[in-house]
Each structure stands twice: as structure tokens, then as C-alpha cells.
Amino acid sequence: MWESPHLSAQIIIKYSKFGDPVSARSLFDAIVVSSNSFLWNTMIRAYANEGLCTETLELYLLMRRKGVGPNNYTFPFVLKSCASRSLVSEGKLVHGEAIRTGFESDVYVEAALVDMYAKCGQTDDGRRVFDRMSKRDLVCWTAMITAYEKSERANDSLMLFHQMQEKGGLAADSVTAVSVASAVAQLGDAKRARSIHAHSIRNGFLEDVFVGNSIIAMYSKCGNVEDARLVFNLMEGKDGISWNSMLSGYNENGRASEALLLFEQMQVSGAKPNPVTALIVISSCAYLGSLYLGKKMHNFIINSRLGIDTTLLNAIMDMYAKCGDLDTAVQMFNSILSSEWNVSSWNVMISGYGMHGHGQEALKLFSQMQEEGVEPNHITFTSLLSACSHAGLIEEGKKCFEDMKKLSMIPELKHYTCMVDMLGRAGFVEEAFELIKEMPSEANDSVWGALLLACKIHGNTELGEIAAKNLFHLEPEHTGYYVLMSNIYAASSKWQEVGRLREDMKSRGLKKPAAFSVIEFGKEVHGFHTADQTHPECREVYKMVGELVIKMKMAGYSPDLSCVLHDVEEEDKEHILTTHSEKLAVAFGIMKTDSRSGMPIRVTKNLRVCNDCHSAFKFISSICGRKIVVRDGNRFHHFQAGSCSCKDYW
């Protein structure tokens, strides 16, 4: 055996295949002849195939120190190890060695270089090697296509895919299909998505679960949840990623209720949820604002003994905050040592305080975060600026914005959106407009939308028209912006302009989003539209609303008729106010829950709560001795003893 390198190599390979690299190395050390590159390559290959990156590189260095020359069999395995750990510096050194020893143009070395640069994120370096190759196989093409996809250069990825088919004369395999589907997903191109799906069906790729999962994710990213579900339903060998991809698809497209229904089916099917599943479902509960379902899922996670890492813990805290139970979120945060939190944990709590109107608490937590030595990021400042906006902390918000620059952070569009929102809400609409004009880049629809909302709040028709003009150009199909501008005109009794905008919406096939409010009652969820006549207890609800209005008027309530944006008689306006969806939901809550229980009435509304309902809920909280928590499209309102947590600033 000592005199037969090939026999020794076979034994080393056998040890490696049985997962015993230590014995393989012991044999290698006992028999190696310093000049025999064959045995060195065999041992390097054994380490590389086992994923032992450090050992591979150390052995390669020892090989060079011993004066053994590497060859076209050495470099591919060393480069494979560099690629597995994204060791680009080491990879470049090995590339240099390949050039010096004359093996750079070897087809196997070139393929390994492309793969290494691709996996290390050095796409342009990989492309230079790729373009110099005299012969390219499917693995090389796929490595380069994948590199572009991973670097979020989707168009380059798809262009290379077409070149592979046309110039390279090669047909894609299932691995290529996964990368191409991911590239299409990045572009959100529904037409191309169908083409890739059809290509996968023709070539039988959908039998591969990895391809099926990538097609589900692709359709979801393109907003085509129905086709994603069709692919999911037809899959025979679903794995955990299949379920998670479909759950995530529903979540990403605002269909959280369907995600929860699918989760129930997942449990019935016998598939085992994992921490990623829990993260997605907890996010669904947060999106719906369902505290009952959120608590139920939290208990499921604990009872199932799913591994709760910091990411999942952050999601649970975020869920409680978004479901109106900020106290539980704070308790969770305070019950764990601050050293165990990451920056996302602090961001969740700062955001939680902000959405509930506790701006000062958000600022205090930010100071504590800095004292703990945690480096803030862009999300931290987005949450801080939003908190200052909701609490009317203008000077503090301006300081936070300047602090970003001191920390060498370049404000992004989302930060400018928060600043415009903050200044606009406070009545500094002209200053907000000046800030937009001073922005280093073009304002997007979020920035102009914040200004338009401010114009609606403060009745600034002139600036509202400027904001609306930009919005209609940027997002011509966004119904909400037409409605906001229409409301500004209606508040100024410009009914002709209101009619013109409504006709414009009609010609574009746009419909005003219907107001909808939900309330949880035990395990049940009850929903109400404006002027709802479909709820089985609507008569009793309207009767309760009438009784509450009488009691409120006796306590000094006066209906805010300016909230009715229709050209009708005042008596009709007062009646319309009593049919608002959030009023119906609160009245139902008072009917069904016992004031002695101390449980708050929790209502979630899809749109911003109107001034009249806001005023009414303050009266109701005092008259009925109830705490009312309303989550609208912007924030939370906690009504208690005749006042609101927002201090009438929202």
C-alpha cells in the first residue's frame, strides 16, 4: 500500500465517504510522498467534499510549502472551499496561483473560478472569467445566471439565460430553472412568470420540489397568488419550504386570513411547522390585528417547543404591539437581558411606542439603546421619526434627522416621508413642501402622499393640487390619492371639482375603498361596512348607536358635519355619521361585552378614523366607563375616561 498511491487514494476516498476525514488524514500523513501531487489532491478533495474549508486551505498551503506543484485537479477543489465560505480574498490569491502556474485557461479551473466569484458576490470578476472561457458547459452558464440573480441583477440574469439557449445551444436544467424563476420574481413580471412555468412543465422540472417551490415564490412576488396556489395544490411531494412559500405568498399580498386558513390545513396534513412557519403566521396575526389569534399562535409556538430565536421573539413582540397590547410587548422586552437583543429588537419596541402615540417613551428607549452600545440603523430612524410625527414632537424629530447625518447615514426616501408627514401634521405644510424641493433625489409617491394627507388635514387646497398632480403622474391607478384630493375639494365645497375627480376615477375603472371595521368577540370576528345592513344583529346595533348618540348629546357632544363629504342636507349628514363602520363596531362591542370584565373594546379599521368618530369615542369611553382601542390605517387610539392617547393629534 505504501508504494501504491492509487490504492492509498482509494482508501482515503473511502474514509471520506464514510464521514471519517480524521482517519483519512492519518493515513495521508503516514504515506504521503512530498512530490506526489496525486495524493495531495485526493486529500484536498476529501476535505473539500466534506465542507471542511479551513482544513482544505491549510492543506493547500502546506502543499505549497512542501514544494508540491498544484495542477488542474488541485485548483477546482480549493476554489470550491473558498466559494463555500465566500472567502473572496483567498479565492483571488488562488486565482493568482492558477495564472502563475499556467492553469487559468483549463476548463475545470475556469468553471471553478466562475463559481467561486459568483458565490462570493463578485459578479463582474466572474463575468470576466466567463467571457474568456473557450468552452462553457451548463454548470458554468448556471453559475453565472445565478450570480446575477443573487446580486439582484435580474435583467442581466435573464439576458444570459436567453444567450445560453440561443448562442450556447444548451437547454436549462432544474437548477437553472430555480435561478431564472427567482430573477423573474425580482422583476415582478407576470408574463415572464407564466413563460417560465410553462417551460418547467414542458421539461418535467415540476417533479423537482425545489423548482415547484421557486415557481410558487415567483408567482407570489408577481402578485399572482391564485396561480401560486394552483402549483402548490398540484405538488405531490410538498416539503416545509413548499408550505412556507405559499404562506409567505399570501402574507406578501395582504391575504393574511388565507395564510391562517392554510396554516390550519398544514397542521391537518401532518406537515410539521418550523420556526420560519411560526414567523410567517405570527406576521399574519399582526397584519390582521387579531389579538386572540396572535395569543393562540404564541401558545402554539410554546407548546410545540419550536426553537424561539431572537428573530421570532421580535416578531411576537411586534405582533402584540400591532394587535393593541403594547403592555405585553413591553413586558416581553423587559423580561430579557438587553444584551440578548439585537438592533431589530430595539426597533420593534421603538416602532411599537410610536404607533401607540408614546413618542417620549420611544426617544427614551433610543437613548437607552445608544447607552447599551447598539448601533442604530435606517429602520431605527424611520421608527423614531414616525414616533415623533405621531406625537407632534417636531423639534425632537428634526434633531433625529440631523443625528442621521452625524452618524454618516444618508437619509432615504422613507425618512423624508416621515419628515414631511411630521411637519405636515403639525401644520407646517409650506415647510414640508420646501423640504421636498430640497431633496437630493426625486420624491416618490410616499413623500407626495404624506404632503397630500397634510393638506387634507389642514385644508390647504393649493398645495394639495400640486401634491395630487405629482401623485396622479406617479401612481395613476392609486384610488386613495383621488379620494384624498376629492375630500379636500369637498371640505371646501368645490363640488364641481369633486365631480370631475369622480368622473376621472370612473373612466379609469377605479373605485373608492369601502370603509370596514372589525371587532373580536371571544373566538368570533365581526365585521361592519359603513351603513351595514348585512350583519345578523344590525337592528340591535343601530338601536345601540341611537341610544349612545342621545347620551352623548346630553354630555355635550355635537356631530362634526364637516366629516360628511357629500352635498346633502344637514339632517342627512347627521344620519350618515351614525352609520360609520367604526361606530357600528364599537356599539356592537358595548352590546356584547361586560363593562365589569375590564376588557377593552378593540376595533380595527382599514382607513383613517374620522374626526366625528374620534370625538364620539371619547364621549362613549366616559359615559360607558369603557376603554376603547381603535387601530386605524395610521396608528392606535386608546380612548379612556373621555380622552384619547393621541391627545387629539393624529
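This report walks through a predicted model of one protein chain, from its overall build down to a few single residues.

Two notes on reading the values come first. Residues are numbered from 1 along each chain as its sequence is written, and side-chain values use heavy atoms, with hydrogens and water left out. In this predicted model, local features need pLDDT of at least 70 and side-chain atom pairs count only at pLDDT 80 or more, while totals for chains, interfaces and linings use all residues.

**Overall build**

The chain holds 34 helices and six strands; these are DSSP runs, numbered from the N terminus, with helices (H or I) of at least four residues and strands (E) of at least two. Along the principal axes, the C-alpha atoms fill a box of roughly 105 × 55 × 50 Å. Of the 650 residues, 49% count as buried, where buried means under 20% relative accessible area, exposed over 50%, and partly exposed in between (1.4 Å probe, protein chains only). Among contacts (heavy atoms within 4.5 Å) with a separation of 6 or more, 61% come from residues 24 or more positions apart.

**Repeats in the record**

An unreviewed UniProt entry places the feature "repeat: PPR" at several spans, including 36–70 and 239–273. UniProt positions are given in the numbering used here, feature names are shortened, and annotations may be inferred rather than shown by experiment. In the span 36–70, the end C-alpha atoms lie 10 Å apart, with 74% helix and 0% strand. For 239–273 the end distance is 10 Å, with 77% helix and 0% strand.

**Cores and domains**

The domain assignment, which is automatic or from a database, gives domain 1 (238–336), domain 2 (437–508) and domain 3 (516–644). A nonpolar core here is a set of buried Ala, Val, Leu, Ile, Met, Phe, Trp, Tyr and Cys residues joined through side-chain atoms within 4.5 Å. The largest such core has 165 residues, and Met349, Leu451 and Leu452 have the most contacts inside it. This core draws at least three residues from each of domain 1 and domain 2. Leaving aside neighbours within four places in sequence, Met349 is in contact with residues including Met317, Phe333 and Leu365. A second, separate core of 32 residues includes Ile519, Val545, Val549 and Leu584.

The C-alpha centres of domain 1 and domain 3 lie 30 Å apart. Their contact takes 13 residues from domain 1 and eight residues from domain 3. Together these two domains bury about 760 Å², 44% of it on carbon and sulfur atoms; buried area is the accessible area (1.4 Å probe) that two parts lose on being put together, summed over both. On the domain 1 side, Leu291, Tyr292 and Gly324 supply 52% of the area buried against domain 3.

**Three residues up close**

| Residue | Place | Relative accessibility |
|---|---|---|
| His199 | helix H12 (residues 190–202) | 16%, buried |
| Ser105 | loop between helix H6 (88–100) and helix H7 (107–119) | 57%, exposed |
| Ile308 | loop between helix H18 (291–303) and helix H19 (310–322) | 38%, partly exposed |

Setting aside neighbours within four places in sequence, His199 is in contact with Gln165, Ala172 and Phe205. With the same kind of exclusion, up to four places away, Ile308 touches Ile301 and Leu313. The C-alpha atoms of Ser105 and Asn72 are separated by 9.5 Å, at 33 residues apart along the chain. Ile308 and Thr54 are 254 residues apart in sequence and 31 Å apart in space, C-alpha to C-alpha.
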